[in-house]
4 protein chains.
Amino acid sequence: MQQLKQQVFEANMALPAHGLVTFTWGNVSGIDRTRGLVVIKPSGVPYETMTVQDMVVVDLFGKVIDGHYKPSSDTPTHLALYRAWPGIGGVVHTHSTYATAWAQASCAIPALGTTHADYFHGDIPCTRGLTPTEIRDEYEAHTGKVILETLGEANPLHCPGIVVQQHGPFTWGKDAAEAAHNAVVLEEVAHMAQLAIGINPGQQRIASALSDKHFSRKHGPDAYYGQGHTHAQRNICIYR
Amino acid sequence: MQQLKQQVFEANMALPAHGLVTFTWGNVSGIDRTRGLVVIKPSGVPYETMTVQDMVVVDLFGKVIDGHYKPSSDTPTHLALYRAWPGIGGVVHTHSTYATAWAQASCAIPALGTTHADYFHGDIPCTRGLTPTEIRDEYEAHTGKVILETLGEANPLHCPGIVVQQHGPFTWGKDAAEAAHNAVVLEEVAHMAQLAIGINPGQQRIASALSDKHFSRKHGPDAYYGQGHTHAQRNICIYR
Amino acid sequence: MQQLKQQVFEANMALPAHGLVTFTWGNVSGIDRTRGLVVIKPSGVPYETMTVQDMVVVDLFGKVIDGHYKPSSDTPTHLALYRAWPGIGGVVHTHSTYATAWAQASCAIPALGTTHADYFHGDIPCTRGLTPTEIRDEYEAHTGKVILETLGEANPLHCPGIVVQQHGPFTWGKDAAEAAHNAVVLEEVAHMAQLAIGINPGQQRIASALSDKHFSRKHGPDAYYGQGHTHAQRNICIYR
Amino acid sequence: MQQLKQQVFEANMALPAHGLVTFTWGNVSGIDRTRGLVVIKPSGVPYETMTVQDMVVVDLFGKVIDGHYKPSSDTPTHLALYRAWPGIGGVVHTHSTYATAWAQASCAIPALGTTHADYFHGDIPCTRGLTPTEIRDEYEAHTGKVILETLGEANPLHCPGIVVQQHGPFTWGKDAAEAAHNAVVLEEVAHMAQLAIGINPGQQRIASALSDKHFSRKHGPDAYYGQGHTHAQRNICIYR
């Protein structure tokens, strides 16, 4: 577990290094699939003083296995994603400025260019809002539930991030480092899209031939990009 | 008082560290409720050369008790808040870019997401403009008066900040450090809201269930959040 | 002259320190009124390697008196302002991002808040465009001419800056340091105004009582603020 | 070749130094016209650990002559430009935020001010989109083809950059350093234009007299600015 703790610690530290977090507003986890154990950031510990030994180990149902701190309050969201998606190895949550702005606008981030298409095959979806019942009990677990509901049958590695309505972004990847990498990409793509629709409010999405080309350039012939996913039709803003 | 001076000095230095001030455009104070004495930044002293011994001590009516500099010209605004609200221990004023932009737009910052709701229970209100009479005499004290008038019966710790119309933000908290923390939050929330209404001008406010959940997550069961405050109905822009 | 060279050098170095210049796109000058000599940045010398001895001394008609480099190509604009306004001691030109954006929009920067009013008594005007004839011959001198024409009878220290239409900002002050200070203020005020009219396109200008109060707070009873200047009526965008 | 490798390495390192790249999203090349050999960044190597010896040498048809890495995947685009334009010595591709936003908006960057006119004689054009056939086979070479098609008969040094529709910017220059310099200029000009059309959506382009003056100030009497190029009429957004 020491190696995974080190990886998760480093991925957590990448968030402030890339300007994605204010104070303690972010967390990264990684999973050891063999043991079914997740390493995650402790709740509310400042990045400036956090060490690798502060990482918390939990099982897939949230029981603390190791660590002297409480795990992140968002742990149930991370666990819901790990339980549903065997192909992912890391999860990130931040309140990064531009991605959160799209969440606050309740809008999917439209696929407008190749920077987007290099990582996300289609729009970056926005979840529906949670119901009052979902909010009152097991709020964080229900956050995971609406993420899963929104992605549906899509391959999560073809859409490695989402914005949760009026909340903020989550990203994932093969491991903690890739999930953090995707959090940086999502923030940059969110910024570019915000600017682009300001310049040209009637802009159309990128052509599928260009999207396919760029996604496959980065993700290789054995990716499932031919089948794609269908979330681009769900919950997208009529922003024009 | 040495300990309070140190706290207030450090909270002042947090403002440029977080990018909230240009030149000397900001000030932080803290109060010793037992003695009824307030420590505040001196007027116009650059942050680069300011030391803890430059902090000025005044009583609740502005009489200088200790210090070799004049206190901040905004001191009467700080004192008005301390006199009215026994629960607060620190006050901050800045001209931070995004919060000031909302003030210059004469608009309350709408509660659009959980980042906002983690700290502010409802919109961040915008005061009415001061009358010419209020401006000409005791301008800074009247600035305090309109802040108090806008919050009304609300718990100030449930709405730990405001934008003063066509002027700029004030924040407060249990102590100087928390007030400075809230100034950082207000600036970030102001930025996110400016972006979000640009992306989706017709966006609705966050649902009350979600707002309550997030505020209570951060502020616990013994906070008064059930009763809330009503300022969300006052002086809000029709920005869509 | 060594002291003035040092002041002008330091004011030039303040521009990149405050993020106002890309490459060599900016210049500061200062004047010795007794001798009628102006010290100005050399043309095209990078800030990274520039030293105080690279400063160029010219007389009020542009003749080089001292220095191993050519003076800034904008020297005739600086000199036009010094000749017309005996009260100023420093001039700055930059292509800082937000102020230049207002220039490129051919819009005066409306006085929307106290940050603006602390330094500028009324809108920051935008000049008319130069005619083809003014552009073809003595372009830089004509740039000075339209600045003077736009300010008219106003006290230049009550409006210590302007944007030249589809070009960029000029600022001035009692000396080179104050002119550079005002360049930082103009950029920040330009940013705040750009954001504020985005949030509320119908926003009104700050009330004159508040504008007068703030300008007089910073500029004292012996300033001429009672008479003001009238440029607020000239060449302002109908941006709402 | 060692000298050219050093120049290309330094021009590559200038991109992150000026904030133009996230991760490895950018590449610079330079050409030795005598030998017909091009030095270019290796594909996917992080800037933090890249050394001058990692640069790759290819001939004008993409055959690797020297180097232990694969060349940038964008190499065919660079080579298409070198083959068509004997006057250029360096090429840059980035995904810099503001220039990419204009590309994602499918809009030419209108010539709104002198900062633009100092480097670009007319609008910075946006290419047409590639056809599905052009995307599927030899995508990167076809990207070069549409750039050449868009510039047409124009002197490429009078328009040293372009945005490729829904992709991102390319710039060029007399050598690798100038091409990187122009990438910085293009990003800054893209930012200013985005702000300016937000402030004044109906703004007109800069007058030709002013554009000619500024371009000739920087590019001298032996430049071809009198004949100009005609791309300003092509593929420009109706953004007002």
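In this predicted model, C:D74 and D:R217 pair their side chains in a salt bridge, with N and O 4.0 Å apart. Across the interface of chain C and chain D, the count is 2 salt bridges. Polar contacts between chain C and chain D link 11 residue pairs, with both residues at pLDDT 80 or more.

Which elements of chain C give two or more residues to the side that touches chain D? They are α3 (97-104), α5 (132-136), α6 (139-151) and α7 (176-199). Of these, α3(C) gives the most, with 6 residues. By residue class, the side of chain C that touches chain D holds 13 nonpolar, 11 polar and 3 charged residues. In total, 27 residues of chain C contact 29 residues of chain D. Chain C and chain D bury about 2300 Å² between them. Carbon and sulfur atoms account for 61% of that area.

Now the interface of chain A and chain D. Here the arginine comes from chain A: A:R217 forms a salt bridge with D:D74. The closest N and O atoms of this pair lie 4.0 Å apart. Between chain A and chain D there are 2 salt bridges. The polar contacts number 11 residue pairs, again with both residues at pLDDT 80 or more.

Three helices of chain A each supply at least two residues of the side that touches chain D: α4 (114-117), α7 (176-199) and α8 (208-219). How many residues does α7(A), which gives the most, supply to this side? α7(A) supplies 10 residues. The side of chain A that touches chain D divides into 13 nonpolar, 10 polar and 6 charged residues.

Contact between chain A and chain D involves 29 residues of chain A and 27 residues of chain D. The area buried between these chains is about 2300 Å², with 61% of it from carbon and sulfur atoms. Which three residues supply more than any other three of the area that chain A buries against chain D? They are A:M192, A:L195 and A:I199, which together supply 26% of that area.

The two named salt bridges are set out below.

| Interface | Arg | Asp | N to O distance |
|---|---|---|---|
| chain A and chain D | A:R217 | D:D74 | 4.0 Å |
| chain C and chain D | D:R217 | C:D74 | 4.0 Å |

Chain D thus appears in both rows: D:D74 pairs with A:R217, and D:R217 pairs with C:D74.

Conventions:
Residues are numbered from 1 along each chain as its sequence is written. Chains are lettered from A and ligands numbered from 1 in the order in which they are written. This is a predicted model: local features need pLDDT of at least 70, side-chain atom pairs count only at pLDDT 80 or more; totals for chains, interfaces and linings use all residues. Side-chain values use heavy atoms; hydrogens and water are left out. Contact means heavy atoms within 4.5 Å. Buried area is the accessible area (1.4 Å probe) that two parts lose on being put together, summed over both. A polar contact is a pair of N or O atoms within 3.5 Å; within protein, one must be able to donate a hydrogen and the other to accept it, and residues adjacent in sequence count only if both atoms are side-chain atoms. Helices (H or I, at least four residues) and strands (E, at least two) are DSSP runs, numbered from the N terminus. Ala, Val, Leu, Ile, Met, Phe, Trp, Tyr, Cys and Pro count as nonpolar, Asp, Glu, Lys and Arg as charged, and the others, Gly among them, as polar.
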